[in-house]
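Biologist: Could you take a close look at one part of this protein for me, the stretch early in the chain, and then follow its contacts outward? I'd like it residue by residue, in plain bench language.

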Amino acid sequence: MTDKTAGFLKLSDKYSASNYHPLPVVIERGEGCWVYDVEGRKYLDMLSSYSALNQGHCHPKIVAALQDQASRLTLTSRAFHNNLFGAFMQKASSVTGMEKVLPMNTGAEAVETAIKMARRWGYEKKGVPEGMAKIIVCANNFHGRTTTIVGFSTEPLYRRGFGPFTPGFEIIPFGDAAALASAVDRNTVAFLVEPIQGEGGIIIPPRGFLSKAAEICRKNNVLLVLDEIQTGLGRTGKMFAYQHEKGVKPDAIILGKALGGGVYPVSAVAARAEVMGVFDPGSHGSTFGGNPLACRAAIAALEVIEEEDLPGKSRESGDYFIGKLREIKSKHVTDVRGLGLFVGVEVKKETGGARPFCEKLMAEGLLCKETHDLVIRFAPPLVIKREEIDWALERIRKVLL
Ligand SMILES: *Cc1c(COP(=O)(O)O)cnc(C)c1O
């Protein structure tokens, strides 16, 4: 590491909380799939800020929209209307196939919004006795970092020292439809689930799980709430990951990350009208939620996903990438799995875990990040080209063999 890079690390170390453990690279510029550090070195970004950069770094159309809007109007609060709000709601509704949308800023806020919505729906529409609403979630989940959300996490790292936690959640094993069926009771208002667990280690549930879960929810008048913050907007080779299974009709979809096109935090809950209808004036809000800058960025972000067929690109590139990864016969690797460009390579414990591989890949000019101890996650921008994938494969082969 040079003095220059060391200087930046020292400055953040001195003044920032230590709630992250970043790789020692200091990035100052990004374009498409590539980022450049303060030394002028170039890296292929295969993390995409946890799928917030599906459209790539500094996508010209999204940046232009943001820049243009920044000089016109940035914030009105929801005390007044703004001229872009309706257009964003309409666009998000059409992309999700949901009638109503509620915009927030971060993913965790959108999850909180969905929890409030499901609970109130339970009391007002399902007739659950006050204070008794139960939401079923899965072990190994990741839905964000608020106190309520970490309260139903099963990861000690996320929970330690942060209690007391919000009651009203029951945890079942991920991918276990029978467990869901037996956990559902009269007071169950929702099943909150990621179609594929991202932070949990790119865990794909058994085939048919989501269809069965949807059926169980429908039969028992329980809302199916899908957290597609990481899996949605093209990441897995479809617009939404739930679309890989037949007959799944969610009651609500939670969006974030790539919804802001990698330039601005934008999240949202999209839901059926009857469900979203439980919110009345004063019941929920956010000062920045739905601000004109966010609306403009999100409209552009969604247009790019559609115009450039990013779900299709993800499917095609993902099939190629996963196929080639499987051809690398490494004694360190126990599993290669994924859907579209949402890919996990699991390594043996004895290797020292995924982190050393990520560090070696960084030295080769490829940025990715371990998730949990043993999984290297590869989730590049969906705009990645075939020759860029080949470039990455060369380095991955070198590091894994
Ligand atoms: C990232 C993520 C969140 C939280 O989003 P933030 O914007 O970091 O609050 C929630 N759910 C899933 C599935 C995520 O991947």
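Modeller: Let's start with G30. Setting aside neighbours within four places in sequence, G30 is in contact with V35, H57 and C58. Bear in mind throughout that this is a predicted model. G30 sits in strand 1, which runs over residues 27-31. Its relative accessible area is 15%, and the cut-off for buried is under 20%, so G30 counts as buried. There's also Y43 to look at: G30 and Y43 are 13 residues apart in sequence, and their C-alpha atoms are 9.4 Å apart in space.

One of those partners, C58, deserves a stop, since you may be wondering about cysteines. The structure holds 0 disulfides. For C58, the nearest cysteine sulfur belongs to C33 and is 12 Å away, and C58 is in no disulfide. A pair of cysteine sulfurs has to come within 2.5 Å to count, so 12 Å rules that pair out. C58 itself is partly exposed, at a relative accessible area of 46%. C358 is also in no disulfide, with the sulfur of C368 as its nearest cysteine sulfur at 3.9 Å. Held against that 2.5 Å cut-off, 3.9 Å doesn't make a disulfide either. As for its surroundings, C358 is buried, with a relative accessible area of 0%.

Back to the early stretch, and on to helix 2, which covers residues 48-51 and includes S48. S48 is buried, with a relative accessible area of 0%. Its side chain reaches the backbone oxygen of A379 at 2.5 Å. Not counting residues up to four places away in sequence, S48 touches L53, R235, A379, P380 and P381. Next along in helix 2 comes S49, which has a positive phi of about 50° although it isn't a glycine. At 37% relative accessibility, S49 counts as partly exposed.

Another non-glycine with a positive phi is H372, where the angle is near 55°. H372 belongs to the loop between strand 14 (369-371) and strand 15 (375-378), and it is partly exposed at a relative accessible area of 34%.

Now for N54, in the loop between helix 2 and helix 3. N54 is buried, at 0% relative accessibility. Leaving out residues up to four places away in sequence, N54 touches G232, L233, R235, A258, L310, P381, L382 and V383. R235 and P381 are among the residues S48 touches, too. The side chain of N54 also reaches the backbone oxygen of L233 at 3.1 Å. And here's a long-range pair: N54 and L259 are 205 residues apart along the chain, while their C-alpha atoms are separated by 9.1 Å.

The contact with L310 takes us to helix 12 (310-327), one of the elements that the buried residues of helix 11 pack against, along with helix 3 (60-70) and helix 4 (85-96). Helix 11 is mostly covered, with 12 of its 16 residues buried; among them are P292, L293, C295, I299, L302 and I305. Is its length right for a helix, or wrong? At 1.5 Å a residue, the 16 residues (292-307) should span 22 Å, and the end C-alpha atoms are 22 Å apart, so the two agree. At the start of helix 11, a side-chain oxygen of N291 comes to within 2.9 Å of the backbone nitrogen of L293. Just after helix 11, D309 takes a positive phi of about 45°.

Helix 4 leads on to the second largest pocket, where helix 4, strand 4 (100-104) and helix 10 (273-276) each supply at least two lining residues. Strand 4 gives the largest share of that lining, 5 residues. The pocket has a volume of about 510 Å³ and is lined by 23 residues, of which R78, F85, V101, L102 and P103 lie nearest its centre.

Two last stops. Helix 5 (residues 107-126) passes the length check as well: its 20 residues should span 28 Å, and its end C-alpha atoms are 27 Å apart, which agrees. G127, just after helix 5, has a positive phi of about 85°. Finally, the peptide bond from G163 to P164 is cis, with omega near 0°, and P164 lies in the loop between helix 7 (156-159) and strand 6 (169-172).

Conventions: Residues are numbered from 1 along each chain as its sequence is written. This is a predicted model: local features need pLDDT of at least 70, side-chain atom pairs count only at pLDDT 80 or more; totals for chains, interfaces and linings use all residues. Side-chain values use heavy atoms; hydrogens and water are left out. Helices (H or I, at least four residues) and strands (E, at least two) are DSSP runs, numbered from the N terminus. The expected span of a helix is 1.5 Å times one less than its number of residues. Buried means under 20% relative accessible area, exposed over 50%, partly exposed in between (1.4 Å probe, protein chains only). Contact means heavy atoms within 4.5 Å. A polar contact is a pair of N or O atoms within 3.5 Å; within protein, one must be able to donate a hydrogen and the other to accept it, and residues adjacent in sequence count only if both atoms are side-chain atoms. On a 1 Å grid over the protein atoms alone, a cavity is a set of points where a 1.4 Å probe fits but cannot get out, and a pocket is an open set with protein on both sides within 12 Å along at least five of seven lines; lining residues have an atom within 4 Å of a point. Grid points are joined across faces, edges and corners, and a volume is the space filled by probe spheres set on the points.
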